[in-house]
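User: Please take a close look at the enclosed and open spaces in this model, and set them beside the packing and the strand pairing.

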Amino acid sequence: MNAAIQTATTQTTASNAQVYDLIVLGSGAAGFAAATTAACRGLKVLIVEKASTFGGTSAISGGAVWIYGTDQAKAAGAKDSAEAMRSYLQHVIGAGYDPELVDAFIERGPEAMRWLHANTELSYSLRPHSPDYYPDAPGGTERGRALEIDEYDGNRLGEHFARLRMPPPGMLLFGGMMVNRVDIQHFLSFRRSPVSLWHCIKLMSRYALDRMRHPRGTRLTTGNALIARLATTAFANGVELWLDSQAQELIIEDGAVRGARITRDSRTQDVRSRGGVVCAMGGFAASAMAANFRPPSPDPHLSMSPSSNIGDGLRLGAAANAAVGEDLAANFFWAPVSEAVHANGERERFPHLVTDRAKPGVIAVNQAAERFVNESNSYHHFVQTMFATGNTRCWLICDATAMNSYGMGLARPSPVDNSALIASGYLKQGKTIEQLAQTIGLNPLALRQTLERYNNDARQGIDRAFEKGGNSYNRYMGDPSRRPNPCLAPLERGPFYAIAIHTGDLGSARGLRTDRFANVLDNHGKPIEGLYAGGNDMNSIMDGTYPGPGITLGPGLTFGYIAATHIAERLASATTTPKE
């Protein structure tokens, strides 16, 4: 810890403005990575969060990170190289490929993860097998780049646990139990595997004990575990967190950002920062202006981004003449989303990422009752195809066998009773495929013909129309017990089910342009002193493409770490430079 920096504690200036070494706006993965790194390096840090809970979109994410060359990958003997990573990203990103930012991500990503593992509670493990989303592209890999967060005990957060953003009920079991990718597979297999049965019994027993003391389970997984791990370290190192607080404007003096004007408890105050401000407020996907940056659609678009993500970073950056990304491959990270309206009027959205589309016995059809997409491709690619084909609203359909085995959307597999979802109209049901077609307004004959074509192929394990299950990523998302194709099974057994699917997103990709230090650039391409960006406030280094699982959190953690390190080094240099 730098003693010179450590002495820079909170103080009050003549103008009654509090002073910190770093102000972080936003409490997602990028924000906490910056705050925790800075605090562990001896800086006095303030996190300002607009919402009443902390964690942002990161807290309800899958928690995976996509990074090249980690210690975990090397220990597992995964074969990869920086050249392969560059080749893969050049192929996937295309014209928007930025060598400076990609090189910084490749070169410093492993450093960031190693440092965070050594100095914070952050702990990740390598996924044994997790292909890139385009595994057959040049430089694509079958494993080695995807890490998943290790589970965490929420009790470690102490009183802060109550303010950690809770995932939506549809992403939990039994109203409050978190599960990860491995847990889901055990629940799907508990009837035929004693090991899986025992795993499920242990999880449910712990959850039952938790509910005697907490409104939800304390075993945290996925994005909740990520935020909890970083937050525990941040709070232990003196980071202050202001909830229900909003940055109104930046304090700019002589072209440099020196703090922010914050509204908190109905009072607006100036808060100054020696090292600057990191914007990590989650982007603008929930804003009214978001529609201006999406392809036009006659159907509703459903974003999973928190309602507080309305572009505050862009607004604040504009006052500093910050440059914004233009002409991205996509301005958002797409995902197909369904929405249920419950009896009490509450609306609940579900992102169809990994649990249903790729499974055998599940297909997607458009309003003409025809398939139009490889259902097992990535969620981003799925919605790209929805836009490209004009099918901005479609139906996900399965039979009783698939429903009982995997569930679909908010509907759970057997033995869960999904009658409430049927009563609400979210889950459509028909005893025959023709009856289902009439229920959802499709031509019964057309849907029957689509099913017959698909079923004929499925019985042979080959999807001639769209190649569902055609690459290793597709098959990874299917059911490994299904042969010869983990993604294909005929839809034969009634009743049949359908869920309406809309275009949706997980957040915005268009943001403030930065250099390799996450320092925001002005409209002339020069760094703005004291202004940094991370997460979805930073213009996506992937240019709005989606190469693999965790391509927002990987760069978010990396550039949050880079920004804090750069700030700490600047402050240390300023402290040790002799005065003339």
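Analyst: Spaces, cores and a small sheet

A285 sits in the loop that runs between β14 (277–279) and β15 (302–303), where helices (H or I, at least four residues) and strands (E, at least two) are DSSP runs numbered from the N terminus. This is a predicted model, in which local features need pLDDT of at least 70 and side-chain atom pairs count only at pLDDT 80 or more, while totals for chains, interfaces and linings use all residues. Residues are numbered from 1 along each chain as its sequence is written, and side-chain values use heavy atoms, with hydrogens and water left out.

With a relative accessibility of 4%, A285 counts as buried (under 20% relative accessible area, with exposed over 50% and partly exposed in between, for a 1.4 Å probe and protein chains only). Its C-alpha atom is separated by 17 Å from that of E49, and the two residues are 236 residues apart along the chain.

Turning to the spaces, a cavity is a set of points, on a 1 Å grid over the protein atoms alone, where a 1.4 Å probe fits but cannot get out, whereas a pocket is an open set with protein on both sides within 12 Å along at least five of seven lines; lining residues have an atom within 4 Å of a point. Grid points are joined across faces, edges and corners, and a volume is the space filled by probe spheres set on the points. By this rule there are 4 cavities of 30 Å³ or more.

The largest cavity holds about 140 Å³ of space, and among the 15 residues lining it, G535, M538, S540, I541 and P555 are the closest to its centre. Helix α16 (residues 553–576) contributes the most to this lining, with 3 residues. The lining of the largest cavity has 8 nonpolar, 7 polar and no charged residues, with Ala, Val, Leu, Ile, Met, Phe, Trp, Tyr, Cys and Pro counted as nonpolar, Asp, Glu, Lys and Arg as charged, and the others, Gly among them, as polar.

The second largest cavity, with about 60 Å³ of space, has a lining made of M177, M178, L203, R206, Y207, D210, G217, T218 and R219. Helix α7 (residues 194–210) supplies the largest share of that lining, 4 residues, and by class the lining divides into 4 nonpolar, 2 polar and 3 charged residues.

Among the open spaces, the second largest pocket contains about 370 Å³ and is lined by 24 residues, with R192, T401, S405, Y406 and D479 nearest its centre. The elements giving two or more residues to its lining are α6 (181–189) and α11 (400–406), and α11 gives the most, with 5 residues. That pocket lining comprises 10 nonpolar, 8 polar and 6 charged residues.

Packing can be described through nonpolar cores, each a set of buried Ala, Val, Leu, Ile, Met, Phe, Trp, Tyr and Cys residues joined through side-chain atoms within 4.5 Å. The largest nonpolar core has 150 residues, of which L25, F54 and L557 touch the most other members, and α16 gives the largest share of this core, 10 residues.

Finally, 3 strands form an open antiparallel sheet in the order β5-β7-β6, two strands being paired if DSSP finds at least two bridges between them. β5 pairs with strand β7 (residues 146–149) over 2 bridges in the antiparallel sense, and A146 in β7 is the bridge partner of W66.
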